[in-house]
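Reader: I am new to reading structures. Can we go through this one term by term, with the reason behind each label?

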Amino acid sequence: MSKSSLAYKGSVKPIIPGPCSGEVVLVDGHISFFGEIDPEQGCLINLENVCFRDKILIFKGTRGSTVAPYVIYALRRNNIAPRCMLVAEVEPMLIAGCVLAEIPLFIVEKYEELVELVKKIHSKVYLEVCGNVLLLYKKE
Amino acid sequence: MYLTVEQEKMLRGDYGWAIAKAMEIIVRVGEALGAEELVKVEHVHVSGISYSTIGKYGLEFIRELALRAGKANVFTTVNPGCIDYSGLSRIIDNSLAGYQKLIDESLEKMRFKLVYTCIPYFYRPPLPGEHLAWGESSAVIFANSIYGGFTNREGSPVALAASLTGYTYKAGLHLLENRIGRVEVKMPAPLLKVPIGAIGLWIGENIKAIPYIRGLCNISLDEVKNILASMAASGNHALAVIEGITPRGTFKIELEEQVEVENNVLEDYIGGEYSGDSILGYIGCPHSSPRELLEIWRLMRKYGRIRRGKMLVTIPVEFTKLYRGIILELKARGVDIATGTCPVVSKFREKFDYILTNSGKALFYLERIHRVKVKLARVEEIVKELFGL
């Protein structure tokens, strides 16, 4: 069994509370769910090796079309949705999508700090949210 | 969140499943955003009604609301669908018409006004300070910035829910204290050196707070529309305070930063060089206004007939009756007209090597959705490229 070590402890603000633990996928930027995400594959269209099925999706925030909630809902119905989402900022569209798709959503308090660390560890980064606390692990 | 007796009844299911589900969506989104109460809206505009963009699950959601007796509780208009409603276009693919019809029947059943356009303000211009629940990012930013309406960028299901209940959550841009211009943005000089949509794309990508735009003078409202739609696509802007345009009393200014847009950085936003013979000129994202339609007509008269590639103009369905003469002449000169749709929410019948468009929003989406090279150009440049000798 692989060992894991705690790499970071931070805090989050739950927007849609729910269970959130698993491997991290980071997209350090704003995403337009319509046009930039493939709802059949659960991957980013321009970055084909970035897929988030059953993972924790960390990104800065959303942009673009107001069709986004249906794309998020389609991800859930296609069983390729992320387990939960962690962002730097939320807007009504993203919240509506997560409400419809029942995907837990959190705002990370020190987003930049977390992103720096995730980039530094690079692979096998795991994360867990307990209430308002965020725990980041590195698996050996 | 405080709810009135009537709102609580809606949430409890006293008015049926559809209204209860709609109220649940609004309350949950509102609570997540810290809203303390709901606000009555005067006009709802529902985006996300094109089968091409929402797929089978979006269709299921809309149909379920309609089948379970959901009805508009307030004046409601709808965005473009994925087919050409007048059957004039040979460029737009109508193969999804069967699915689109299922959506349209549901919308009609819910008593929405089927305008199929992204410029709902053409049908009902909002009043300053009026509360709205609009989807369609380009219409939202236009309503807030030009008319001084109060609306957030409502995700499609939230706008639907607002229509059924007549309410939305009172948070975000429904509150004056959140409508504060914080970054002064000075326009480049000369203003029209680079196609204007590039300015919007740049602002969307580089400025996150509400911009206070100065120096937007001597350009048409359609060009302002282009800038706003582009910044709502490449960023998440829902309001830009524009000096001399945004109605007083619908915003505040508390400047923290000053930015000057320079023409040399805008060059990066107009798209790369193109090659190939199959070219499409596209105008009408957001849908062309009567003024834009007249401008295209005037240019066509100047340049004659189309000589290379194809040209597509997208307009609201009603324009085919209102401007029949102009449309027939454009058709006769080889221009393809599609109504009630646009390439952002539909598919093409053929593959193009590249697209020339005046719209920054179209550039942003067409590159991503149709995987085609897109370049920004002024309307006259597009016509010249296709019609010129």
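Author: Start with a sheet in chain B of this predicted model. Its 5 strands follow the order 13-12-11-15-16, and the pairing is parallel.

Reader: What makes strand 13 and strand 16 of chain B the edge strands?

Author: Each pairs on one side only. Strand 13 covers 335–339 and strand 16 covers 373–376 of chain B. From one strand to the next, the twist averages 25°.

Reader: How do you know that strand 12 of chain B is joined to strand 13 of chain B?

Author: Count the bridges. Two strands pair if there are at least two bridges between them. Strand 12 (residues 310–315) and strand 13 of chain B have 5 bridges, so they pair, and they run parallel. Take Ile315(B) as an example: its bridge partner in strand 13 of chain B is Thr339(B).

Reader: Which helix lies across strand 11 of chain B?

Author: Helix 14 of chain B, residues 379–387. It also lies across strand 12 and strand 15 (354–357) of chain B. Its direction is at about 150° to strand 11 (279–283) of chain B.

Reader: Why is Ile283(B) called buried?

Author: The cut-off is 20 or more other C-beta atoms within 10 Å. Ile283(B) has 24 such neighbours, so Ile283(B) counts as buried. This residue sits in strand 11 of chain B.

Reader: Which residues does Ile283(B) touch, leaving out those up to four places away in sequence?

Author: Among them are Val313(B), Thr357(B), Val379(B) and Ile382(B). Ser288(B), Glu292(B), Ile296(B) and Asn358(B) are touched too. As for Arg378(B), its C-alpha atom is 9.7 Å from that of Ile283(B), with their positions 95 residues apart along the chain.

Reader: What are the bounds of the domains in chain B?

Author: The domain assignment gives domain 1 as 5–173, domain 2 as 179–269 and domain 3 as 279–387. Between the centres of domain 1 and domain 3 of chain B there are 27 Å, taken over C-alpha atoms.

Reader: How do you know that domain 1 of chain B is in contact with domain 3 of chain B?

Author: Contact needs C-beta atoms within 7 Å. By that test, 23 residues of domain 1 of chain B are in contact with 22 residues of domain 3 of chain B. Helix 3 (51–67) and strand 4 (92–93) of chain B each supply at least two residues of the domain 1 side. That side divides into 12 nonpolar, 8 polar and 3 charged residues.

Reader: What makes strand 9 and strand 10 edge strands in the sheet of chain B with the order 9-8-7-10?

Author: That sheet is open, with 4 strands in parallel pairing. Strand 9 (241–242) and strand 10 (252–260) of chain B each have a single partner strand, so one side of each has no neighbour in the sheet.

Reader: How many bridges pair strand 8 of chain B with strand 9 of chain B?

Author: There are 2 bridges, in the parallel sense. The cut-off is at least two, so this count meets it. In strand 9 of chain B, Val241(B) is the bridge partner of Tyr212(B).

Reader: Now chain A. Why does its radius of gyration agree with a compact globule?

Author: For 140 residues, a compact globule would have a value near 14 Å. Chain A has 14 Å, so the two agree. Its C-alpha atoms fill a box of roughly 40 × 30 × 25 Å along the principal axes. Buried residues make up 45% of chain A.

Reader: What joins strand 8 of chain A to strand 9 of chain A?

Author: 6 bridges, in the antiparallel sense. These strands form a hairpin with 2 residues between them. Gly131(A), in the turn, has a positive phi of about 65°. Strand 9 (residues 133–139) of chain A also pairs with strand 1 of chain A, antiparallel, over 7 bridges.

Reader: Which element gives the largest share of the side of chain A that touches chain B?

Author: Helix 3 of chain A, with 7 residues. In total, 29 residues of chain A are in contact with 30 residues of chain B. The chain A side has 17 nonpolar, 8 polar and 4 charged residues.

Notes: Residues numbered from 1 in each chain as written. Chains lettered and ligands numbered in written order. Predicted model: local features only at pLDDT ≥ 70, side-chain atom pairs only at ≥ 80, totals over all residues. Axes fitted to C-alpha atoms, helices over the stretch in contact; angles between N-to-C directions. Contact = placed C-beta atoms within 7 Å. Domains from an automatic or database assignment. Nonpolar A, V, L, I, M, F, W, Y, C, P; charged D, E, K, R; others polar. Rg over C-alpha atoms; globule rule 2.2 N^0.38 Å. Buried ≥ 20, exposed ≤ 12 C-beta atoms within 10 Å, placed from the backbone.
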